[in-house]
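Trainee: I would like a close look at one part of this model. Please start there, then lead me through the rest.

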Amino acid sequence: MQFELTEEQELVKANMREFCEKYVEPVANEIDYEARFPAENIRRLAEQDMLGIPYPEEYGGAGSDYLTYVMTVEELARACAATGFLVETNTSLVCFSLYKYGSEDQKKKYLAPLCKGDALGAFALGERGLAGDAATTTAVSDGDGYVLNGVKTFVMNAPVAGIFVVFADVAKSGGAGGPSAFIVSADTPGLEVGKPLDKMGARGAPSSEVVLKDCRIPKENLLGQEGQGAVIAGASLDSGRIGIAALALGIAQAALEESVRHSKERVQFGQAICNFQAIQWMIANMGTEIEVCRYLTYYAAWCYDQGLPYSEEAAIAKLMASETAVHQSDRAVQIHGGIGTVKGQKVERLYRDAKITQIHGGTPEFTKMIIADCVLG
Amino acid sequence: MLKILTCFKWVLDEADIKVDAGSRKLIFDRAGHKISAYDRNAVEEAMNLQQQHGASVAAVTVAPPTAKNCLKDVLSRGPEKAYFINDQSFADLEPAQTGDLLAAAIRGKIEFDLIICGEGSSDLYTQQVGPILAENLGISCAAFVNKVTYVEAENRIIVDRKLDDGIETVSLPLPALITVLPDINTPRIPSLKQVLGAAKKPVDNITLDKLGEIPKPRLQTTGILAATMERRRLKFGAKPEDIGALINALLKDGVIA
C-alpha cells in the first residue's frame, strides 16, 4: 500500500491552500452574507487550471487525477464551501456526464468550455416531490430534435450556468424512449432559470428552479442513448459523491482548526479552555473522525483513478464525511460558546454550510441503500 | 538573450517546527520543507524579466540528495531547467561553503548574465551567500534590491536598493548578481499545468566529485534552543543601590556571568 501523495499532489495541495488563503478566505464571509456568486475567484480558478482537473487536456482539462481534484475541493471548502460547491457541481457532475457519455463533438463543444472555465455547468435532475427521478419532465422527439417540458428543482449553479445537463423522459413509442439526458445551452429559447433560492448554507453557490417550456433542442444534444438517463445520472452521482465527501471534509477540517485556535485563546476559570479535558476530548474526537473521513475519501478517489469500481467506496466516504461535517461544525460552535452563534464568526457559517452535504448528491438514507446493496451482495 | 540563474534554498517550513516545552529543544520530525520565502521572490523576478525581455532562466541550489522534491517545486514556478548541486554532506552548510560550492559549479561551466538570489534565507538569514558568490565569481553585486530594470542596449541593469535611510539607485554592468527583497514582487501561484509540466523539465545533477574539495566549516553550532519570554515581574529603580540589585538578579538567572 502506498499512502504517500506524489510530489505533484503535494505541490498542488500547497498551492491550493495558498490560493484559498489569498483569494477565497478573505471574501468568504461577504459571499455568504450577500449570497454573492464569486465570479472573480471562479475566473482565477480557471486560470489555475482548476475547473477540469481530472479530464484530459484535449478537452480543456488539466490531465490530472481525481485524487488531486478531490484535494483541491477539500481546500476550497475549508475556506469557502460555496466556492467548493460551484466547482464540484461543475466538475464532478456535469463534466463527468459529458466526459463518460458524450460524443467527440459534444465533448469539444460542451466539455471543453466547462473545463476551461468559459462556462459553468448545472445538473438539472431533481424535481418537486420526486428526488432522483426524471419522471415528469418530458422530451418529445419531432424527428430533428426534442421538445422539453417540465420543472427541475434545486439545480445548483443554475443562475450562473452556461451549460445544463437536463434529465427528461422520452415517451416509449417505437423508439427506445425512457429517462434520458440532454445537453441544453443556457441561451436556448424555452429554458428559464428561476430566482435564486434564499439558502441556509453554501449561499454563494446559487440554486434555483429550471423551467423548460417547449424548449427545443437539436437531436445532436441527446447525451448518450435514449433510455440511458438513469445510468448517466447514477454514474455521475457516484463520482459526485466523492466530490461531496471532499467538500464535507474541508468543512470539518475548518471546524477543527477554528476550534483549536479558539480553545487556545479563550481563557475561562483561569486558563485556556484547551487545558480542560472536556474540550480536549471533543478535539480528540474531531481529529480522529476527520482522519477517518480523509482516508475514506482519498481511497474512493484512488479507486476511481485506478479504474476500479468505486460506487460503494464513494457512498461510504460521502455518508461518513457529511455526517462528520455536520457533527463537527456543531461541536465547533459549542466550543466557541455564545460567540459561535454570531454572524462573522467562521463557525457560524460552517454550521450552516455543513448540512447540505448530507442531502445534496444522495441523502444518508439513499447512500445506505447503495452500501447495503454492495455489502449484502 | 539574457541568461539568468536564480539561486534558491530548500528550508524547513517554520510553521511545522514544534518546541519541547521542558527542554526548549526544537522538534523537526513533522516539519515539511519549502523554498525559502525570499527565494520565491528571486525566481519570480527572473520570470518577470523573462516575460519582459525573453530571457532564459535556470534555477540552482546546493542541497543534500534527500532534498530532490525541491526541483519540481522550483521548476513549476517557471525556470526551464534546474541545477541540483548535491551531496550527502551538504546538510547544514555555512554560507561561505554554499557560496564556494555555487561558484565551483558555475565558474566556467554555466553561462550567465545575471544571478538573482533572495536577500537571505528564512532559516539562518545570514544574508551572505549572494555577496560571497559574487566575490567568488568576480562580478558586480547589489544587495537589498527592490526594483530591477534591464537596459538591453547597454548590457547593464539599473536597480533600486532599499536601505535604512532611503532608496539608492545603482547601475551595474552585466554579468552581475543581485539579492532581492520580498517587496520586489508578489510571487504567482503556479497553475496545475505548470506543476504537471515540471516533471518534463531537465535537471542537471552536479555531484561533489565534479566540484573538488568541500570548503571547511569555520563555525561550530553549540546548541539550538527556542527563545522564550518569561515575565519575572520584578521592578528596579535607577538609584545606585538599585543597580546592584539588578545585577544580582541577572547573575542569579545566569543571564550574565
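Trainee: Which residue in β3(A) stands opposite A139(A)?

Mentor: L148(A) in β3(A) stands opposite A139(A). Keep in mind that this is a predicted model. The two strands concerned are β2, residues 138-141 of chain A, and β3, residues 145-156 of chain A. They pair in the antiparallel sense, over four bridges. Three residues lie between the strands of this hairpin. One residue to look at there is G143(A), with a positive phi near 95 degrees.

Now follow β3(A) to its other partner. Strand β7(A), residues 207-218, runs antiparallel to β3(A), and nine bridges join the two. G145(A) stands opposite P218(A) of β7(A). So β3(A) is paired with β2(A) and with β7(A). As background, side chains in a regular strand alternate between the two faces of the sheet.

Next, the helices of chain A. Take α7(A), residues 277-306, and α8(A), residues 311-336. Their axes are 9 Å apart and the packing angle is about 155 degrees. An angle over 145 degrees counts as roughly antiparallel, and therefore α7(A) and α8(A) are roughly antiparallel to each other. The crossing of α7(A) past α8(A) is left-handed. On the α7(A) side, the contact includes I279(A), M282(A), M286(A), L296(A) and C303(A). On the α8(A) side, it includes A314(A), I316(A), M320(A), R331(A) and I335(A). By class, 16 residues of this contact are nonpolar, three are polar and three are charged.

Set a second pair beside it. Helix α4(A), residues 81-101, meets α6(A), residues 229-265. Their axes come within 9 Å and cross at roughly 155 degrees. That makes α4(A) roughly antiparallel to α6(A). Here the crossing is right-handed. Among the α4(A) residues in the contact are G84(A), F85(A), S92(A), F96(A) and K100(A). They meet residues of α6(A) including S236(A), S239(A), G240(A), G243(A) and L247(A). The count by class is ten nonpolar, eight polar and two charged.

Move on to chain B. It has six helices and 13 strands. Its C-alpha trace spans about 70 × 40 × 40 Å along the principal axes. Chain B has 257 residues, and 35% of them count as buried. Among its contacts with a separation of 6 or more, 68% link residues 24 or more positions apart.

Chain B holds an open sheet of nine strands. Their order is β11-β10-β9-β12-β8-β1-β6-β7-β13, with mixed pairing. The edges are β11(B), residues 166-173, and β13(B), residues 203-207, each paired on one side only. From one strand to the next, the twist averages 30 degrees. Inside the sheet, β1(B), residues 3-7, pairs in the parallel sense with β8(B), residues 114-118, over three bridges. There, L5(B) has I115(B) of β8(B) as its bridge partner.

Two helices belong in this picture. Helix α3(B), residues 95-106, packs on the sheet and touches β1, β6, β7 and β13 of chain B. Its direction makes about 135 degrees with that of β6(B). Helix α4(B), residues 129-137, lies across β8, β9 and β12 of chain B. α4(B) runs at about 80 degrees to β9(B).

Check some backbone details next. Most residues other than glycine have a negative phi, and most peptide bonds are trans. F144(B), in strand β9 of chain B, is not a glycine yet has a positive phi of about 60 degrees. It has 19 C-beta neighbours inside 10 Å, so F144(B) counts as partly exposed. N155(B) also has a positive phi, near 50 degrees. N155(B) sits in the loop between β9 and β10 of chain B. With 12 other C-beta atoms within 10 Å, N155(B) is exposed. The bond between L174(B) and P175(B) is cis, with omega about 0 degrees. P175(B) lies in the loop between β11 and β12 of chain B.

Finish where the chains meet. Eleven residues of chain B contact 15 residues of chain A. On the chain B side, α2(B), residues 69-75, and α5(B), residues 192-197, are the elements giving two or more residues. α5(B) gives the most, with four residues. By class, that side has five nonpolar, three polar and three charged residues.

Notes:
Residues numbered from 1 in each chain as written. Chains lettered and ligands numbered in written order. Buried ≥ 20, exposed ≤ 12 C-beta atoms within 10 Å, placed from the backbone. Contact = placed C-beta atoms within 7 Å. Nonpolar A, V, L, I, M, F, W, Y, C, P; charged D, E, K, R; others polar. Axes fitted to C-alpha atoms, helices over the stretch in contact; angles between N-to-C directions. Parallel < 35°, antiparallel > 145°, perpendicular 65-115°, else oblique. Left-handed = near helix turned anticlockwise from the far one by under 90°. Pairing = 2+ DSSP bridges.
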